[in-house]
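Trainee: Could you show me how to read a ligand site and a pocket? I would like to go step by step.

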Amino acid sequence: MKSHYRVVVIGGGIVGASVLYHLARRGWSEVALVERAELTAGSTWHAAAGFHALNDDPNIAALQAYTIGLYRDIEAESGQSVGLHMPGGYSIATSPARWEWLKGACAVYQTLGIGARLATPKEIVAQCPIVDPAGLLGGMFDPHEGAVDPHGATHAFAIAARRRGADVILRNRVTALTQLPDGQWRVDTELGPITAEHVVNAAGLWARRVGRMAGVDLPITPMQHHYLVTEDLPALLARDGEMPCVTDLEGFTYLQQERHGVLLGVYERNPRHWKTEGAEWDYGMELLPEDIDRILPELLIGFERFPCLKQAGIRKWVNGAFTFTPDGNPLVGPVPGLRNFWAACGCMSGFSQGGAIGLVLANWLVEGDPGADIFGMDVARYGAFASNDRYLRETTAQFYARRFVIAYPNEELPAGRPLKTTPAYDAQQAAGARFGVVWGTESPQYFAAGEPAFVEEPSLRRSNAERFVQAEVQATRAAAGLLDTGVYARYEVRGPGAEAWLDHLLASALPPVGRLRLAPMLAPTGKLMGDLTVSRLSAERFWLIGSYYLQQWHLRWFHDHQPRSGVTIENLSESWLGCSLSGPRARDILAGLADADLGSGALPFLGCGAFDIGPLRAQIARISLTGELGYEITVPAAQQRVLWNLLIAAGAPMGLRPIGMRAQDSLRLEKGYGIWSREFAPSYSAAMAGLDRFIDFTKGDFIGRGAALAQREAGPDQRLVLLEIDATGADARPMEPVFADGQRVGFVTSGGYGHHVGLSLALAYVERALADAPVPFTVPVLGEPRPARLLPQAPYDPPGLRMRA
Ligand SMILES: Cc1cc2nc3c(=O)[nH]c(=O)nc-3n(C[C@H](O)[C@H](O)[C@H](O)COP(=O)(O)OP(=O)(O)OC[C@H]3O[C@@H](n4cnc5c(N)ncnc54)[C@H](O)[C@@H]3O)c2cc1C
């Protein structure tokens, strides 16, 4: 062990070993892994070690495919067998809803190039003769499903890393972490102190404790998980070759062949946590006592689906613990608020994701960029609220129990709610609001006006709540809609250096005082880092508005690029709230309340300023996402309820309705407007997304300028377009493929029904040539091919006259 390393990785499970390997592969020397006991001594040694490429988040699915592809390479490089078995696997459907869901999911995986395909019951039973076909409607075959030997895979990473010069230091617990004034870390270990430029927390079951050593409380908690392994089964002894894996989604079980028997794992609906704070330091390679009564309901379903298990001898039971985060995805990347402290933990699927976590973390450390859109596993996707014990228990239990349950796009799950509400919450509830949750905050999705007993059915199709959404859309187009903007993020940037700094940070020109602009923010690679609006309140005072759930992510980026002096950044997201009033009557509604005439003279389109609204002093910006004359009105949080009530009272006689996020989504699709995480994301360049028109290439240097210029000159391979789809009853969903002439030529980013224009609409990235010279397209909606056409312009008010009114 040396006294100084560039990087110390804490933890020698599958994740830490992969991080070490990828750092060494990137050519970084002076990197070490410090392990408390032996390699694999946490969750890793007793994992079933199954893997698959399937994930609801397409970016993570692509990274899982990378992990799987790495196993053969790492075996060859290290000379250590990883015990790879990849017979593929079937996810089976035994209900019509699941079958429909699988057909849609299969189309999405085709977009990702994962090569999944649908399979008939006959095929499934022929390939997996131990499956009882009763009620089986079909399945999806993923050729990339299989399992490895967890010991072999972890050691293969470690051996290969060592050969490339990395150190692996075993039986040496990290006992304390102290940040030094120069940003390096003093890492105290049982064998003595180390100075490290960077520390990576890959401590698995202990990651919450290790985080606390550095002063951060990570939202991770261990939970118990069972599987059993049978003795040899006659049906498998009689077979040549390995049986594919089977996941019975309705049955809560997964099964993989193990020698001539099987391993059956259970995601029970009544899960149990274990050591919420993380394992004790002296916890050895021990199993937890089996809790068979608790998992019996799901086991019995498994024994019906695989009847031969009723007679099988059980060779071993495993009940072990591994960590979960509220959404089940890992925590990866630079921990916001700390310098040089990185997360690579919270990973419940180490054998599908471990390789990828190593890759992105090494990219990030070496190049300052993860190399892919990994927001779905970024440690910055959570705020401090998520580390509350009860919140963590409720959300992780919800995730675990629903691991195999269909996630409907219109379903709002109950765990950890309500946690944060805006002051207008009670008034909205009284008006029939049905809430969703954005980063812990309750946000109206729609208002079931006048129908307090209304219950929305979870559905992959247009739901029974669409009539409320339609009414809100029509009210906004005809009169006005009022939307709570409590789930927008707001930052104030001020000081003598604010202008120069923002000019470098943002790709757009900065607006003059009293005006605002759409401001793409780019990474040095030219990829998108933000779709902010910037308002200039005075010469040295600016507001940036963005998506609420990106706060930690934005702030980490701002602070990484913040000059030492002359600029103050203040997060106003919780202290200033407001609402967005839009529609042709919006100005009339404000006329009775505002101290000034808010006509185009005082407040033109893209103007901003401070105005009195009734008794309130508000910041008002003339902008809307609905395509109507719109005002975003923001007040100190304590005044938002009064603002809401004033606007409702003044607007209702003119036809104003409170509206929710679903109406806004329909309205913005009618205008072809993109939003973050759908059309705009770090996977896309400004040129692809059409945001390059907001870039000012004539100003001085800004982050990403060179790359964005080159991308604009070369022209993007794909471009964002608006499609009209011949779909009834259901609309396209993100990542569904777009075909032309039988070839996959793009993918959907958002789909929905335009209630005013009466069209099923989708925004999609398609090959550039087809964006310029469109052809007939086909989009599979819920797996059913539907004709689609490119719309050369937005179907609603293409010149934007209403917004500028
Ligand atoms: C029963 C069961 C079945 C599973 N099945 C699957 C499956 O089929 N597929 C799948 O992908 N995943 C499965 N998993 C989950 C999988 O085991 C985990 O995702 C994975 O092992 C996590 O690896 P890790 O490296 O993050 O953490 P861990 O394996 O917990 O490793 C963390 C390491 O850090 C070390 N450490 C902690 N603190 C310190 C310190 N202070 N100083 C030094 N070292 C420290 C520990 O000793 C440990 O070795 C299963 C888990 C269980 C329990």
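Mentor: Happy to; we will take the ligand and then a pocket, bearing in mind that this is a predicted model.

Trainee: Which residues come nearest to the ligand?

Mentor: Start with the shell, counting a residue as near if one of its heavy atoms lies within 4 Å. Here 40 residues surround the ligand, and Glu35, Arg36, Thr44, Cys347 and Phe351 come nearest. By class, 22 of the shell residues are nonpolar, 15 are polar and three are charged.

Trainee: Which element gives the most to the shell around the ligand?

Mentor: That is S16, with four residues. Helix H1 (14–25), strand S12 (221–230) and helix H9 (350–367) are also among the elements that supply at least two residues each.

Trainee: Which backbone atoms lie by the ligand's oxygen and nitrogen atoms?

Mentor: For polar contacts, look for N or O pairs within 3.5 Å. A backbone N or O atom of Phe351 is 2.8 Å from a ligand oxygen, and a polar backbone atom of Ser349 is 3.4 Å from an oxygen of the ligand. Ala48 places a polar backbone atom 3.1 Å from a ligand nitrogen. As for burial, the ligand alone exposes 1000 Å², and the protein buries 98% of that.

Trainee: And what lines the second largest pocket?

Mentor: Read volume, then lining. This pocket has a volume of about 520 Å³. Its lining has 26 residues, with Ala48, Val148, Asp149, Pro150 and Glu258 nearest the centre. Strand S7 (146–147), helix H5 (150–163), strand S14 (253–258) and S16 each give two or more residues to that lining. The lining divides into 13 nonpolar, seven polar and six charged residues.

Methods. Residues numbered from 1 in each chain as written. Predicted model: local features only at pLDDT ≥ 70, side-chain atom pairs only at ≥ 80, totals over all residues. Heavy atoms only, no water. Polar contact = N/O pair within 3.5 Å; in protein donor to acceptor, adjacent residues only side chain to side chain. Areas by Shrake-Rupley, 256 points an atom, 1.4 Å probe, with all protein chains shown as cover. Nonpolar A, V, L, I, M, F, W, Y, C, P; charged D, E, K, R; others polar. 1 Å grid on protein atoms, 1.4 Å probe; cavity = no way out; pocket = protein on both sides within 12 Å on 5 of 7 lines; lining within 4 Å. Points joined across faces, edges and corners; volume = space filled by probe spheres on them.
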